[in-house]
Amino acid sequence: MIAITGANGHLGSLIIDHLLQSISPGTILPIVRDQVKGLPFKKKGMEVRVANYADLRSYLKALEGVKVLIQISTTSVGEQGIKEEMNVVSAAKVNGVEHIIYTSSLAPSLNHQFQGATQAYSTESEIKLSQIPYTFFRNSLYMEVIPSLVDPTCLEKGILPYPAGNGRISFVSRADIAEAMAMVAIHPEEHKNQAYEITGNQSFTFSELADQLQKVKPRTFKYLDISIGEYHDTLRQYQIPEPTTEFLSSMAAGIQKDEFALVTNTLEELLERKPTMLHRYLKGL
Ligand SMILES: NC(=O)c1ccc[n+]([C@@H]2O[C@H](COP(=O)([O-])OP(=O)(O)OC[C@H]3O[C@@H](n4cnc5c(N)ncnc54)[C@H](OP(=O)(O)O)[C@@H]3O)[C@@H](O)[C@H]2O)c1
């Protein structure tokens, strides 16, 4: 049985679509935190379990009988995020899960600007400590989040205000990641104890992102290099909770320091084809 946490999220549901192309619904176990969000999977013949990362007991129950676990990282941030991910690893250990495939971050570290790097480092360490065989998908930034990085009205006007400086980002397609993760979940033994740096085939500065947009859209685009403080203020205007504002600001600071700049051909090797190019994604926006 392959279980997927965060099954109804963007990545989780794409992974399930890919799994369904190769294995029967009866061997796929979506885990959601809201029963209603599990209904589409039930309709397709899958058993669905309900559990919350914040509730260890719910995960102890949800992982009963699971052999392979696709652990999607939480959307909670800071200490709460770390605690939630620990709960999933603990529940996996108690239930004798035989392989964890975890969505980590490109550069897991306790010393990086990006807060998510600390969370990823902590969870990777906990998984290693549990001695459960693992595969880490250390994902760079999804290209699919680009529209949410800047104010939508600015995107319409052709202006990209963001505090990236000259930092480079190896944007990667979330859809490609889903395909690769499904493939690894079906043959986990071939990817035992591997940490994969998952990136696009190229990296881009925000100025280059604006150039790419200009090539595929019938208008001009300009990057506006704002300060982290200005970005922080904008997020506050949208009434984004302070911990999330801090998290998003730390991501921008990480980009400035090239924490998302690494380019590898690991994804291409896993997929045995070229990953989606940025301009292809931008064209469909
Ligand atoms: N590399 C990147 O660029 C990037 C960008 C965005 C996110 N991420 C990370 O990658 C993960 C997957 O991305 P995505 O696009 O699929 O995100 P997403 O669409 O927001 O999905 C996140 C999933 O996690 C579930 N979840 C969150 N907190 C939970 C909790 N406490 N207990 C149980 N389930 C919980 C959500 O459930 P609900 O639907 O009930 O909320 C949802 O199913 C995210 O969770 C985030 O950690 C990475």
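Colleague: Let's begin at the far end of the chain. In which segment is Gly-284 found?

Modeller: Gly-284 sits in the segment that follows helix 13 (278–283). Do keep in mind that this is a predicted model.

Colleague: Is Gly-284 buried or exposed there?

Modeller: The label depends on relative accessible area, with exposed meaning over 50%. Gly-284 has 66% relative accessibility, so it counts as exposed. As for its place in the fold, the C-alpha atoms of Gly-284 and Lys-217 are 9.6 Å apart in space, although 67 residues separate the two in sequence.

Colleague: And Ser-105, is that residue buried or exposed?

Modeller: Here the cut-off for buried is under 20%. Ser-105 has a relative accessible area of 8%, so it is buried. This serine belongs to strand 5 (residues 99–105). Beyond its neighbours within four places in sequence, Ser-105 is in contact with Phe-114, Gly-116, Ala-120, Phe-137, Arg-138 and Asn-139.

Colleague: Now the helices. At what angle do the axes of helix 1 and helix 8 cross?

Modeller: Roughly 55°, and the axes of helix 1 (residues 10–20) and helix 8 (residues 174–186) come within 8 Å. Angles of 65 to 115 degrees would count as roughly perpendicular and those under 35 as roughly parallel, so this pair is oblique. The crossing of helix 1 past helix 8 is right-handed.

Colleague: Which residues make the contact?

Modeller: From helix 1, the contact uses His-10, Leu-11, Leu-14, Ile-15, His-18 and Leu-19. Helix 8 contributes residues including Ile-177, Ala-178, Met-181 and Ala-185. Sorted by class, the contact holds 11 nonpolar, two polar and two charged residues.

Colleague: What should I expect of nonpolar side chains in general?

Modeller: In soluble globular proteins, they tend to be buried together. In this model, the largest nonpolar core has 52 residues. Ile-4, Ile-15, Tyr-59, Leu-69, Ile-70 and Phe-137 have the most contacts inside that core. Helix 8 supplies its largest share, seven residues. Another core, of 32 residues, lies apart from it and has Ala-164, Ile-226, Ala-252 and Ile-255 among its members.

Colleague: What is Ile-70 in contact with, leaving aside neighbours within four places in sequence?

Modeller: Its partners are Ile-2, Ala-3, Ile-4, Thr-5, Ile-15, Ile-101, Met-181 and Ala-185. Ile-15, Met-181 and Ala-185 also appear in the contact between helix 1 and helix 8.

Colleague: One last residue: where does Leu-248 lie?

Modeller: Leu-248 is part of helix 11 (residues 242–256). Setting aside neighbours within four places in sequence, Leu-248 is in contact with Tyr-231 and Leu-235. Glu-259 is 11 residues from Leu-248 along the chain, with 14 Å between their C-alpha atoms.

How values were computed. Residues are numbered from 1 along each chain as its sequence is written. This is a predicted model: local features need pLDDT of at least 70, side-chain atom pairs count only at pLDDT 80 or more; totals for chains, interfaces and linings use all residues. Side-chain values use heavy atoms; hydrogens and water are left out. Helices (H or I, at least four residues) and strands (E, at least two) are DSSP runs, numbered from the N terminus. Contact means heavy atoms within 4.5 Å. Axes are lines fitted to C-alpha atoms, for helices over the stretch in contact, and angles run from 0 to 180 degrees between N-to-C directions. Angles under 35 degrees count as roughly parallel, over 145 as roughly antiparallel, 65 to 115 as roughly perpendicular and the rest as oblique. A crossing is left-handed if the near helix is turned anticlockwise from the far one by less than a right angle, and right-handed if clockwise. Ala, Val, Leu, Ile, Met, Phe, Trp, Tyr, Cys and Pro count as nonpolar, Asp, Glu, Lys and Arg as charged, and the others, Gly among them, as polar. A nonpolar core is a set of buried Ala, Val, Leu, Ile, Met, Phe, Trp, Tyr and Cys residues joined through side-chain atoms within 4.5 Å. Buried means under 20% relative accessible area, exposed over 50%, partly exposed in between (1.4 Å probe, protein chains only).
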